[in-house]
Amino acid sequence: MSPSAHPIERLEPTQRTLRRAQYEAFEFELVAQGVLVRNASHANPEAHEYLVTIENGLPHSCRCPADEHHQGACKHRVAVAIRTSVLEAACNAQRIRELQTSGVQAAANPLAP
Ligand SMILES: [Zn+2]
């Protein structure tokens, strides 16, 4: 398994999980801890909202029961992984937070106004 493999290959989801991650109406929200994934396919999406944490550029864990109790990545982690722009945004946000906590100030950025 090469590190350049697409994130989805590294998560090794089942075909069923992959299909659900594609067709269900997920909504994504960047939060400090990672990505909040809301399943808008449900009548009450708020009750189907789970935090997916990002580590080393991959959706690393999810707070949903399926991710805890089943083998392989859950549909929330896969849903983030197959939406490259969401995953990239989450990775960038994480990198920025790491820079901030390591003491590099925004003022040191030559691109800052
Ligand atoms: Zn999940």
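A crossing of two helices is right-handed if the near helix is turned clockwise from the far one by less than a right angle. With that in hand, welcome to this predicted model, in which α2 passes α4 in a right-handed crossing. The chain holds five helices and four strands, and their order along the sequence is α-α-β-β-β-β-α-α-α. Here is a short tour, beginning with that helix pair.

**How α2 and α4 pack**

- Two packed helices are described by the angle between their axes and the distance between the axes.
- For helix α2 (residues 15–23) and helix α4 (residues 75–82), the angle is about 60 degrees and the axes are 8 Å apart.
- Because the oblique class takes in angles that are not under 35, not over 145 and not within 65 to 115 degrees, α2 counts as oblique to α4.
- On the α2 side, the contact is made by Thr 17, Leu 18, Arg 20, Ala 21 and Gln 22. Their partners in α4 are Lys 75, Val 78, Ala 79 and Ile 82.
- By type, the residues of this contact divide into five nonpolar, two polar and two charged.

**A closer look at Leu 18**

- Leu 18 belongs to helix α2.
- Leu 18 has 19 C-beta neighbours inside 10 Å, and a residue needs 20 or more to be buried, so Leu 18 counts as partly exposed.
- If neighbours within four places in sequence are left aside, Leu 18 is in contact with Pro 13 and Val 78.
- Between Leu 18 and Lys 75 there are 6.7 Å from C-alpha to C-alpha, although the two are 57 residues apart in sequence.

**α4 and the nonpolar core**

- Seven of the eight residues of α4 are buried, so this helix is largely enclosed by the rest of the structure.
- The buried residues of α4 are Lys 75, His 76, Arg 77, Val 78, Ala 79, Val 80 and Ala 81.
- In soluble globular proteins, nonpolar side chains tend to be buried together.
- The largest nonpolar core here has 19 residues, and those touching the most other members are Val 35, Val 37, Val 78, Ala 79, Val 80 and Ala 81.
- Two or more residues of this core come from each of α1 (7–11), β2 (34–39), β3 (49–55), α4 and α5 (84–101). Of these, α4 gives the most, with four residues.
- Val 35 touches Phe 28, Leu 30, Val 52, Ile 54, Val 80, Val 86 and Ala 90, not counting residues up to four places away in sequence.

**Two residues with positive phi**

- Most residues other than glycine have a negative phi.
- Glu 12 has a positive phi, near 50 degrees, and lies in the loop between α1 and α2.
- Glu 12 counts as partly exposed because it has 13 C-beta neighbours inside 10 Å.
- Glu 12 and Gly 72 are 6.4 Å apart in space, C-alpha to C-alpha, with their positions 60 residues apart in sequence.
- Asn 56 also has a positive phi near 50 degrees, and its place is the loop between β3 and β4 (58–62).
- With 9 C-beta neighbours inside 10 Å, Asn 56 counts as exposed.

**The chain as a whole**

- Of the 113 residues in the chain, 24% are buried.
- Among contacts with a separation of 6 or more, 47% join residues 24 or more positions apart.

Conventions
Residues are numbered from 1 along each chain as its sequence is written. This is a predicted model: local features need pLDDT of at least 70, side-chain atom pairs count only at pLDDT 80 or more; totals for chains, interfaces and linings use all residues. Axes are lines fitted to C-alpha atoms, for helices over the stretch in contact, and angles run from 0 to 180 degrees between N-to-C directions. Two residues are in contact if their C-beta atoms, placed from the backbone, lie within 7 Å. Ala, Val, Leu, Ile, Met, Phe, Trp, Tyr, Cys and Pro count as nonpolar, Asp, Glu, Lys and Arg as charged, and the others, Gly among them, as polar. A residue is buried if 20 or more other C-beta atoms lie within 10 Å of its own, exposed if 12 or fewer, and partly exposed in between; C-beta atoms are placed from the backbone. A nonpolar core is a set of buried Ala, Val, Leu, Ile, Met, Phe, Trp, Tyr and Cys residues joined through C-beta atoms within 7 Å.
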